[in-house]
Structure formats: structure tokens, C-alpha cells
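Me: I should like to learn how to read the contacts between chains, and between protein and DNA, in a model of this kind. Could we proceed feature by feature?

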There are 4 protein chains.
Amino acid sequence: MKSRQEQRSEETKEQILKAAGTLFAKKGFDSVSIREIAKDAGCSHTTIYLYFKDKEALLHQLSMPSLERLYKQLLQISLMDTLTPEARLKGISREYIQFCLENRNMFDVFFNAKSTRVDELEPELEINKLRLEIFALMKQVLQDCLSMPDDELLLNFSRTFYYQLNGILSTYSYLHESIPVLMKRLEPTFDLSVEILILGFKEKISQKGNE
Amino acid sequence: MKSRQEQRSEETKEQILKAAGTLFAKKGFDSVSIREIAKDAGCSHTTIYLYFKDKEALLHQLSMPSLERLYKQLLQISLMDTLTPEARLKGISREYIQFCLENRNMFDVFFNAKSTRVDELEPELEINKLRLEIFALMKQVLQDCLSMPDDELLLNFSRTFYYQLNGILSTYSYLHESIPVLMKRLEPTFDLSVEILILGFKEKISQKGNE
Amino acid sequence: MKSRQEQRSEETKEQILKAAGTLFAKKGFDSVSIREIAKDAGCSHTTIYLYFKDKEALLHQLSMPSLERLYKQLLQISLMDTLTPEARLKGISREYIQFCLENRNMFDVFFNAKSTRVDELEPELEINKLRLEIFALMKQVLQDCLSMPDDELLLNFSRTFYYQLNGILSTYSYLHESIPVLMKRLEPTFDLSVEILILGFKEKISQKGNE
Amino acid sequence: MKSRQEQRSEETKEQILKAAGTLFAKKGFDSVSIREIAKDAGCSHTTIYLYFKDKEALLHQLSMPSLERLYKQLLQISLMDTLTPEARLKGISREYIQFCLENRNMFDVFFNAKSTRVDELEPELEINKLRLEIFALMKQVLQDCLSMPDDELLLNFSRTFYYQLNGILSTYSYLHESIPVLMKRLEPTFDLSVEILILGFKEKISQKGNE
DNA sequence: GATGAATGAGGGTTCATTCAT
DNA sequence: AATGAATGAACCCTCATTCAT
């Protein structure tokens, strides 16, 4: 059982993470200062260093749980066998987009490794690993959807699919609309995009077959 | 006719813009210092303030000509009637991608209005106008390609297409490969993406027709 | 008789002193942090403040016993009547040098009163007293060595002798060699220095006698 | 001819150097902050960075000219053939001591390379070179003084001599007396030290001869 | 028109120290 | 007796910007 002190400590840490998350998302990693985070978290800026080695560590501790949560959600959807593969693909797409929009330009950090230094492979690797796993998951569902072998073509299809999602994100991640409103308004368009792609993929396959 | 002094003055300005453009593209807006630009431009850092109100003004003055150049190039391709509409669409896509990659994180600035200030609407609007024109141009070529009316569906197709391009960009704009190498390696994939989309669009249209 | 608690308490204090001593000696007063000491002492950094008013107090409490130990060792050597006076002088020199080198930059603190505060005269005075006693002891042995009266000349000889030792120390106290290695390598040189001085002293005396 | 601006600039730089010199000498390199220097120099702390890359650069720019000046003075004395070698040696000693005392614990910096990092050899090397040259110069004069070959023994004598000087310095460099007063009071003692050493050296040589 | 000099605000980080438990 | 949490002061350093020339 936790003592009151421990509880307070965890609260502080939580508040720091929360403040940092919000600020990073709003302004981008580089543009947020430690003092700014501290202010929003309601503690001294030095307190942050009690819980995180440095600014970058804060970022990584912040990203990993979110990403892991995302991955689990996507995995769950991919396993729903009550849905058709195409429905699963759409579900995954929606979830992915919604998550990334909710975390706005944190998305940059997650997927573009914006703030990683080449000489520090460890933390980067973990994120990269997750990124790859998410990509692999999408590829898997896409394969189910198209009933095709796991070949070079599937890889390229997956890339195209991945581009599409990221394109949606980068197009909308700076808008100042609230997420639910945005999702409501654009979900049909997003769904259409997925549909188009699937149609295109299938057509491409049948073309290949006819060659 | 310009006096010699005026000429020199314009040269300096041009060099500042050139240096800033290169640096912003290479390192991103925030990571470039005024002194760095001045050094590359071969002038004092204070000189920059003679021509530009502040760092941000420099950025905006910088974006417009580039974007205009891009627009003209895209327009040119769209008018090449020796090419099939699909070839034109591919050409435009390649050009657009290459341009944005070459200007790397500038892309953020151009298309995501990252650094716009609320109090200065003018430049922002101009950029937005161009952005919309580029979008319209793509839509036009897409329409030619699909021989369809200019309706809601075309609009959504265009969005999907636009997403795809931006997705490619956001996926690759942080890689440390040189542009030519990158383009060589990924052009087939990019082309495939465009193909898939067109196939998907056509299929969607024929589905609609059969309803 | 001490209660178990008292015993534990003293142990902790002892460990703090030991850790601080080692660290100060190795890295210098300023470069050692309280937390570092606590870590090496196996306690929390706040515990240190239970036993010592502040960092400086720790330093002073630390210096005295060491210096006293040194003094006792030197005294012991000075009383070894199995040795010739010259051998005693050499022994004292070696011991003194070794001690100071082992305590490296602590030497600064001990002998140069680097970190003394004006408002707290007590500890400083004690250190000064010990310093003077060590000096007096060397003077005594030097007198035995030279069979001369305790006059102005002896005082100056003692100073010269003291300078020599300190010169050796200040020359070598920053080297990164281990003490035993260093001593082994340079002991002959140190011994030579002492010899030279004694020869010089004797010669000076005989010159004086002939005047 | 210098413009007024250039003149002012040089003045500022000079004042920074002067302030830094005094403070380093008084408190030691590590214990002096950039802001402290700026305050004493009457400028903003950022101004310091206009003239010096960083704190360490300031230190090195500060040390080199002084050291070079010292070296030239010592060299000059060593070449005065109106003086006996012994007089030259005494002169050199006095000059060296006076210089080092005037620069108080800067002496630490000069001769103990306190603040040098191993990875930056350049500046350290220059100082080391000068240090060695000064040592070589003393050795030369000592050789003239003793009319002996340049052998191992001479090297050890030089070391002993060098220790003696440094011993004097380290003994007195923390006192709060003014230099002229100090020199006046202790010069006879310093001279005596040199005398003693020379006598000792000569005696040692004659001993060797008789073996 | 152009520039070197100078600055204040702010960046991340470390530290000795205090407080509540 | 002992500790983890927390803090303010201070560290070096960089920046965009202004001022006098």
C-alpha cells in the first residue's frame, strides 16, 4: 500500500507528464522549455529532474506508453473476427488517425523521430520497434483483405496505405478544430480513401493476373 | 533603371534569401540562427534586419517565390498535351514530391502554416491562395484523368490524392538520404501509389455507375 | 556504554566522513557534491545534514583527525633514536609528502586555508595550530640534524626546507599517476632534494663560522 | 589608425581580461562565474562571448601573454653577462616568484594545467611548451652556475630547484599581504634558499668527485 | 546601406539546502 | 535517526534584436 508521500510523488510525476504531453503536442518538442512545463505542472523546474534524467528522457517516457496503448488497440481490432477484413482495415485506420490527431504534433515525435540523436540508439530503437510493429500489423490486415501472398507487391501496397494515413494526418494535424468535430466531418472522406485504395489494390492484382 | 547601389542592395537581399532558404530547408526554421544566415549570405547579421522585419518575415518572403515557382512548374506539366492525363498526373506528383523533399521541413511551413501569426494575415493568405490553386490544379488533372464531372466525388478523390502525396512526404521528409538517391529508390513506389489510386478511383466510379 | 542506536549513528557518521575524505582527496572540495558523498556513504544526502551543519563543516571536521594522524606519525618518526637525525628528516619528508599526495587537493585546504570563513575562526585556528606544530617539529629535527642553536638562521633553514616539500607537492599534486607508482618513481629525487638541502645548510653554517 | 569604435571595443576586451585575471587569481578558475567577470568588467555577460569562445578560451587568452612576458624576462636575465651565473639564477628566481605571486593562484592554472581537458590538446600544449621552456632555461643557468655536464644529475638538481621555487609560491600564494611588502619581507629568505641549494649542489658534486 | 558592439531574455542543467514525514 | 520531495539560486551558454557609428 502506498504512503501518502508516495502518492503525492506519483501525482507530481503524473502532472509533469501531462503538462509536457500537452505542451509538446501544442508547440513541438524544441519549442517547449523545461520551465514552461514546470509552470503548467505546478512545480519547480528542478523537480522535473527528480523524475526525468533530462528533457529527452521526459519525451521518451511520454511517448512509449501512448504508443503501446495505440498498438494494443490496433492489435485488438485486427483480431476481431466478427468483422470482415476490410472493416478491420477501416477500423484500424480510423483508430490510428484519431490517436495521432489527438496527440497532434506529438505525432512528429512518435513517427518521425524528430528529436532523436544518432548516438543514442537505445530509446530510439524502442520507438522504432513499435513503429515497425504497427506497420507490420497493418500489412497483415491488408494481406487478409486482399488474399494475396506476402511478397514485394504486398510490401509496396502497405507502404502506399501507410502513406495515405500519414498524408491525412499531416494535412489535418495543424487545424484548430476539435478532434470529435473533425472526425465526424472527415470520417467519410477517410473511409473513402481506404476504400479507394483497396479497390485500387484489387484492380492492380487482377491486372497482374491477366498479364 | 536601377542605380548601381540599388543593384548591390538587391544582390545582398537575394543572397540573404538564398542562404536562408537553403538553411531553413536543411535544418528547419527554429534551428537556424540569424547569424548563421548572415554568415552564409556573406553579410553582417544586422544587415538582415535592413531587409526583413524579423526572422519570421524572412521566412514568409522566402516561401512565396518558391511556391510560385512550384506552381508554375506544375501548371506547365498539366498543360503538356503530348502526355496522357495519367502521365501528367504522375509527372505532377513527382514534381510536387521532389520539390517538397528538396525543401524538407520548409514543407511544414508552406503547407501547415506552422509559424503564422494571427496579427499578420496578409502573407498567410497569399500562401493559402497558392496552396488552394495547387490543389485545384491537381483536381483538374485528376478530372481529365477520370473523365468525370466536377462534383463532390471528384473533390473527395482529390483530397484522397492530396493525402497520399502528403503522406509520402511526411513519411520521408526526415530521412537523411540525399534527395536524388531517395527519389531514385522510391520513385517506383510513388508511381505505384498514384497508379493504385487511379485504379481505385476508376473502380469506384464504375461501382457507382452500376448502383 | 553506547546504546545500539548510538553505535549505528556513529557508524553512519564515520561512513560519511570516510566517503567525503576519499572524494575530496580524489576530486577536490568543489567538485564533489553532497549527493555523491551520500551515495558513497550509503545514506541519503539529507542524513549528512544531521551530522554536519553544511558542506564546509564536513570538510573541517574531516581535516582535523587526518592532520592529527599525520602529526602523530611525524612525531613518532622524529623520536626514533635508532635513526640518525638525517634519516629521521628524510623519513619525515617522505611521510609528509606521501600523506599530502594521498590527500591530493585536500592539501590545499589543509595548508592554504582555502575555504576558511572569516566568521568561524575556531576550526581554522585549530588547523593553524597543527600546521605550526608540524613546522616546529620539522625545525626541531632539522636542528638535531645540523647541531646548531635555535636562532634566526635555523628558522630560515626550516622555511627553506618547508618550501622544498611544498614545492614537490604542488608540482606533483595534479598528476594522474597513482601514489605508490609516483612515490616509487620520484622518491630518489625527493631524497636527493633533502640531501642537497642538508649539504647546503651545513656548508652555509661553515661559511658563517669562517667569517 | 583605429576608429573610436575599435578603440572602445579593445577597451572592453581589455577590461574583461583584467577582471577575469583578477578574479581567477583571487578565487580560482572554477569559482568564478562569467556573470561575475562581466560585472567587474562593466559589461553584460553576453559581451564576454563576443570576445571569447567560452570560459576556458578566456583563461587561455589570459594566460599565454603573461606567460610569454615572463619567459622573455627570464630569458633576458639569463643573458646578462655582466652578472655572475649565481646572480643570474637569483635574479631569475626572484622574477619568477614575483610574477607568480602577482598572478596569485593563476599560478595554479599556469603550471598545474588545472582546467585542461584531455581531448583538447592544442591550447594546453602551448602552455606546456612554455612551461618546459622556462624549466629548460632554469636548467641552463643552473648548469652555468655549477659548471657541470648536462646529465641526469643536472636534471635532478633542476627539479630540486624548481620544487623549491614552487614551494615558496604555494606557501605564500594565499597570504593577504601586498606583493611588494611580501617581497621585501621575504626576499632575503628566498635568496637564502637559492644560496643553500647552490651550496648543496656544489657539495654534492664534490662528494661525487671523491667517490 | 551597412556593420560591429552590446544586451536582456531565456535555454537546459546542477547544486546545496530545507521541509514534511 | 533517517529520508524522499521539493526548491531557488546559480551555472554556462545562445539567441534575436537594437544602437551608435
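Reply: Let us begin with a term: a salt bridge is a side-chain nitrogen of Lys or Arg within 4 Å of a carboxyl oxygen of Asp or Glu. Please bear in mind that this model is predicted.

Me: How many salt bridges are counted between chain B and chain A?

Reply: The count is 2. In one of the salt bridges between these chains, A:Glu195 pairs with B:Lys204, with 2.2 Å between the closest N and O atoms. The rule also finds 7 residue pairs in polar contact across this interface.

Me: Which helix gives the most to the side of chain B that touches chain A?

Reply: That is α9(B), with 14 residues. By class, this side of chain B has 13 nonpolar, 12 polar and 7 charged residues.

Me: What area is buried between chain B and chain A?

Reply: The size of an interface is often given as the accessible area lost when the parts come together. Here about 3000 Å² is buried between the two chains, and carbon and sulfur atoms give 59% of this area. In terms of contacts, 32 residues of chain B meet 32 residues of chain A.

Me: Which residues are the closest to DNA strand E?

Reply: They are B:Thr46, B:Thr47, B:Tyr51, D:Thr47 and D:Tyr51, out of 39 residues that surround the strand. The side chain of D:Thr47 places an N or O atom 2.5 Å from a phosphate oxygen of DNA strand E, while for a polar side-chain atom of A:Ser33 the distance to a phosphate oxygen is 3.1 Å. The surface near the strand divides into 12 nonpolar, 19 polar and 8 charged residues.

Terms used. Residues numbered from 1 in each chain as written. Chains lettered and ligands numbered in written order. Predicted model: local features only at pLDDT ≥ 70, side-chain atom pairs only at ≥ 80, totals over all residues. Heavy atoms only, no water. Contact = heavy atoms within 4.5 Å. Buried area = accessible area lost by both parts, 1.4 Å probe. Polar contact = N/O pair within 3.5 Å; in protein donor to acceptor, adjacent residues only side chain to side chain. Helix = DSSP H or I, 4+ residues; strand = E, 2+ residues; numbered from the N terminus. Nonpolar A, V, L, I, M, F, W, Y, C, P; charged D, E, K, R; others polar. Near = heavy atom within 4 Å.
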